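Please open the structure in your viewer and keep the selection tool at hand. The stops below say what to select next and what is there.

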Amino acid sequence: MSGSLLDAGAVIGCPHGGRVTAATTPSGGVRAGGAVVATAAHAYVVTGCPHTVDRVPSPCVAVRWTAGGSGVTVGGEPVLLDTSAAQCLTAAFVPQGPPVVQAAQRKVTVR
């Protein structure tokens, strides 16, 4: 698996335009470009998702990443890549599509 490392400075959104941010702050850790590298141990939340289904609000509220495959770990946890499988979820854990990572934030490539 190849892709670019995600770090604390990555700009990530849900497929409907909500903003994805880390809910847990990594302590210390490995840094890339001055920002802490994201791992599968970090939880992510979504805010501002405007998604509706049949005019009923159904916003994305969290992201579940399926990291692995790169073989790269930090503190024993797989790093997150922009190519890592992920799903944005509702509060009822209904998948709503993959998050969108802005290409401008890619700094280090793992191959």
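Begin by selecting leucine 81, which is found in the loop between strand E11 (77-78) and E12. In this predicted model, leucine 81 has a relative accessible area of 0%, and because the cut-off for a buried residue is under 20%, leucine 81 counts as buried. Add alanine 38 to the selection and draw the C-alpha to C-alpha distance, which comes to 8.3 Å although the two residues are 43 apart in sequence.

Next, select leucine 6 together with its surroundings. Leaving aside residues up to four places away in sequence, leucine 6 touches Ile12, Val37, Ala38, Trp65, Leu80, Leu81, Asp82 and Val101, so that leucine 81 and alanine 38 from the previous stop both appear in this list.

Which residues touch the most other members of the largest nonpolar core? That core has 16 residues, and the ones to highlight are Leu6, Ile12, Tyr44, Val46, Val63 and Trp65. If you colour the core by element, E6, E9 and E12 are the elements that give two or more residues to it. Apart from this core lies another, of 6 residues, and among them are Leu5, Ala32, Val79 and Leu81.

Now show the rings of tyrosine 44 and tryptophan 65. A search of the whole structure finds 1 aromatic pair; the ring centres of tyrosine 44 and tryptophan 65 are 6.0 Å apart and the planes stand at 65°, so the pair is edge-to-face. Tyrosine 44 lies in strand E6 (residues 44-47) and tryptophan 65 in strand E9 (residues 62-66), which means that the pair ties together parts that are 21 residues apart in sequence. Both tyrosine 44 and tryptophan 65 are buried.

Stay with E6 and display its side chains along the strand. Tyr44 and Val46 point to one face and are buried, whereas Val45 and Thr47 point to the other face and are not buried. This can be read against the general rule that in a regular strand the side chains alternate between the two faces of the sheet.

From E6, move to the strands that pair with it. Strand E3 (residues 19-22) runs antiparallel to E6 and is joined to it by 4 bridges, with valine 46 in E6 as the bridge partner of valine 20. E6 and E9 also run antiparallel, joined by 2 bridges, and here tyrosine 44 stands opposite valine 63 in E9.

Widen the selection to the whole sheet. What is the order of its strands? The sheet is open, has 6 strands in the order E12-E9-E6-E3-E2-E13, and is paired in the antiparallel sense. Strand E12 (85-89) and strand E13 (100-101) each have a single partner strand and stand at the edges, so one side of each is left without a neighbour in the sheet. At the E13 edge, strand E2 (residues 12-13) pairs with E13 in the antiparallel sense over 2 bridges, and valine 101 in E13 is the bridge partner of isoleucine 12.

Finally, zoom out to the full protein, which has 0 helices and 14 strands. Of its 111 residues, 37% count as buried, and the accessible surface comes to about 6,000 Å², of which 55% belongs to carbon and sulfur atoms. Among contacts between residues at least 6 apart in sequence, 63% join residues at least 24 apart.

Note on methods:
Residues are numbered from 1 along each chain as its sequence is written. This is a predicted model: local features need pLDDT of at least 70, side-chain atom pairs count only at pLDDT 80 or more; totals for chains, interfaces and linings use all residues. Side-chain values use heavy atoms; hydrogens and water are left out. Two strands pair if DSSP finds at least two bridges between them. Buried means under 20% relative accessible area, exposed over 50%, partly exposed in between (1.4 Å probe, protein chains only). Contact means heavy atoms within 4.5 Å. Accessible areas come from the Shrake-Rupley method with a 1.4 Å probe; for residues, only the protein chains shown count as cover. Rings of Phe, Tyr and Trp (its six-membered ring) pair if their centres lie within 6.5 Å; planes under 30 degrees apart count as stacked, over 60 as edge-to-face and the rest as tilted. A nonpolar core is a set of buried Ala, Val, Leu, Ile, Met, Phe, Trp, Tyr and Cys residues joined through side-chain atoms within 4.5 Å.
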